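Please examine the structure shown here. A set of questions and answers on its organisation follows the display.

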2 protein chains.
Amino acid sequence: MDIKCLLAERALTMKASAIREILKLVNRPGMVSLAGGIPAPASFPLDVIPTLLEQALSKYGSYALQYDLTEGFLPLRESLSPYLSKKGINVGADRICIATGSQGALDALGKVLLDPDDLVAVENPTYLGAMQAFNPYGPRYVGVDTDDEGIIPAALEEVLKNNAIKFVYLVPTFQNPTGRTLSLERRPLIAEILRRYDVLAIEDDPYSELRYCGDALPSLWSFAPERVVYLGTFSKIFAPGLRLGFYVAPPDLQTYLLRAKQGVDLHSSTLSQALAAEYLSGGYLDRQLPKIIELYRPRQEAMLGALADHFPRDFSWSKPDGGMFIWVDGPEGLNTEELYKKAIDENVAFVPGRFFYFRDDQGQNTMRLNFTMSSEAVIREAVERLAGVIRTFTS
Amino acid sequence: MDIKCLLAERALTMKASAIREILKLVNRPGMVSLAGGIPAPASFPLDVIPTLLEQALSKYGSYALQYDLTEGFLPLRESLSPYLSKKGINVGADRICIATGSQGALDALGKVLLDPDDLVAVENPTYLGAMQAFNPYGPRYVGVDTDDEGIIPAALEEVLKNNAIKFVYLVPTFQNPTGRTLSLERRPLIAEILRRYDVLAIEDDPYSELRYCGDALPSLWSFAPERVVYLGTFSKIFAPGLRLGFYVAPPDLQTYLLRAKQGVDLHSSTLSQALAAEYLSGGYLDRQLPKIIELYRPRQEAMLGALADHFPRDFSWSKPDGGMFIWVDGPEGLNTEELYKKAIDENVAFVPGRFFYFRDDQGQNTMRLNFTMSSEAVIREAVERLAGVIRTFTS
């Protein structure tokens, strides 16, 4: 039968991810890839999983396998409460909800908040996955410029003054794709602007635990708890395959987000949640996190060092205190998508930056480099090789 | 801030589940409940979970914890291929996709197929959770009458003749809420009608493995593979807390369902999938299923026996060959919602049948009784107690 003619209008907004298409080439043998966006398998606490399971089954028995509340597994929500208070988020378990990855929370937020043609303000560039969650609900995007200190307060104010924005979506700490962090000075300013224009913000925070230097910053939520939805995830501090995120939202919004989730998956995997509860409450995260940081820190140093050693003078890049990415700005006129094709021929891959902009004509001269998925030696070789490709390409 | 004024129009269709509200009373101490709709914890293969985990970790290592394909974990899809062929569904792993519960597949189907005011044909009564998945996408429903042999072919034809139906949603085997099964004779007739009117159908099949007597029937899919989406789940044969469903859809539709899922949760829990792969491929399901059936069969017999012994003559009920539910029709004029309040006072609970109809004025004299969650003794006592309440209520 002809399925195409049955599709809802919104299905036509669901494009195959261009980035996925381009990354298909990355798995070729011999390729050194800086294109990834995922945690290193070595960062997973594989050795403690059987212990966590044993504890979960002995504590919760068949409850760990049964249907559960849409809000999430109570022992997990209870153990998230002290965890979140370290980020200045002081709420009880009743205010913490579990999602199927933070992606699940993004979908619910889109579903509950977005009518077609509603405006969403996003950092420019921004996280692709968020747009993929929102797009089926038909919003349009307004970009807010960012610099080395994150989103620019004056730029946000200008956008909010001139547009009826439904919500602002941002990744304030070690952003994907840029690695940049909203500075401590700017956080209260952004909160104040949100308050002045009576606007809701989504603070997506997958990376803040991956800090290699400097001091932890309080969440944006802590500056405007009444109008910020905080999203966290276990994907970077435990294991992404568990598909567990969590959020704290204004209570009225939480009610609707839960109703949305009930229709989408009833609740997230109870077994995953029971394992995560043990991981947090048994002190395993506290022991694992330093290991993850010590795995990534030298990789980031290797990348920053190799960039300084090999990249041409007219390139610049972010120097984040943490996260998984470095953002490279090439000279005006450089087309990194064309560069990508040459790089692939030389068996080195990255992600052309333009994919992180919602408009096609931006970020042509930028690229995202990931440093979590390769060893220091591979990173050094890849950056050097990429620098060679750039030199050939631009000469 | 005032969240209500930010809500999308579709959020207003997301009602708190009336059934959940009514069931809140069910957890009172001393209550004997026939209101549940979930598997017995004793049906879970709790004892083999550590073995499954050990095997999964030794076979797949960190892959079991990593991000994975939206389509699903390949070893699980491969082991589902021979499993599905027993239902007359002969497809390779590439045609089998994993969902976060069959609920996740229902959400994706709604998202991809339903424009506001599209018409969906459903059995009357039907499974509530499907409507909860579809409702945010704004469809309207057309009911198709059913009898003891399931959906009535002439009634379906009448509906398809007079309405532009986007798809037909049905639970052909041991339906929730009625327990009824679409007879072998009717299956090819329904397929033929679907073909004649060029209509898509969703065959939701959570219960067919729970067969206590009679012969297994081929799936509706097997009679019209080009226009039926088959949905299965691990919730009733393994554990609902894993949140794992699976589906086989026409390839063009599969493409869009996967795009939808990518935005919703990227993929389902890899660890859950790895456990399910071992459960299937290691022969554990083949050993567990007879145990589940031997747990439920006497419970169903106890309920049917107690109904025959105690219920008034003017009541009738379904006598299913399997599943989890028995559907009771009371005399014309009986209001089972009022009856429910009296029953609760007497510490016995059931679900008033009207909740399974999308129109408020139907099924007032019906009720759904669950037999999986209680022992035979409790079931007998509950049915007897309920019969007493009925006698007082109707006299």
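The questions below concern domains, the chain contact, helix packing and a sheet.

This is a predicted model, in which local features need pLDDT of at least 70, side-chain atom pairs count only at pLDDT 80 or more, and totals for chains, interfaces and linings use all residues. Residues are numbered from 1 along each chain as its sequence is written, while chains are lettered from A and ligands numbered from 1 in the order in which they are written.

Q: Which element gives the largest share of the side of domain 1 of chain A that touches domain 2 of chain A?
A: The domain assignment, automatic or from a database, gives domain 1 (4-45 + 287-394) and domain 2 (62-285) in chain A. In contact (C-beta atoms, placed from the backbone, within 7 Å) are 34 residues of domain 1 of chain A and 35 residues of domain 2 of chain A. On the domain 1 side, two or more residues come from each of helix 10 (284-310) and strand 11 (325-329) of chain A; helices (H or I, at least four residues) and strands (E, at least two) are DSSP runs, numbered from the N terminus. The largest share, eight residues, belongs to helix 10 of chain A.

Q: Which element gives the largest share of the side of chain A that touches chain B?
A: Chain A and chain B each bring 69 residues to the contact. Elements of chain A that give two or more residues include helix 2 (49-60), helix 4 (101-113) and helix 9 (270-281). The largest share, nine residues, is that of helix 8 of chain A.

Q: How is helix 8 of chain A oriented relative to helix 4 of chain B?
A: Helix 8 (residues 251-265) of chain A and helix 4 (residues 101-113) of chain B pack with axes 5 Å apart, at an angle of about 100°. Axes are lines fitted to C-alpha atoms over the stretch in contact, and angles run from 0 to 180 degrees between N-to-C directions. Angles of 65 to 115 degrees count as roughly perpendicular. Therefore helix 8 of chain A is, with respect to helix 4 of chain B, roughly perpendicular.

Q: Which strands stand at the edges of the open sheet with the order 10-11-14-13 in chain B?
A: The four strands of this open sheet in chain B pair in antiparallel fashion, where pairing requires at least two bridges found by DSSP. Strand 11 (residues 325-329) and strand 14 (residues 366-370) of chain B are joined by five bridges. Each edge strand has a single partner strand, so one side of each is left without a neighbour in the sheet; these are strand 10 (316-317) and strand 13 (351-352) of chain B.

How values were computed:
Angles under 35 degrees count as roughly parallel, over 145 as roughly antiparallel, 65 to 115 as roughly perpendicular and the rest as oblique. Two residues are in contact if their C-beta atoms, placed from the backbone, lie within 7 Å.
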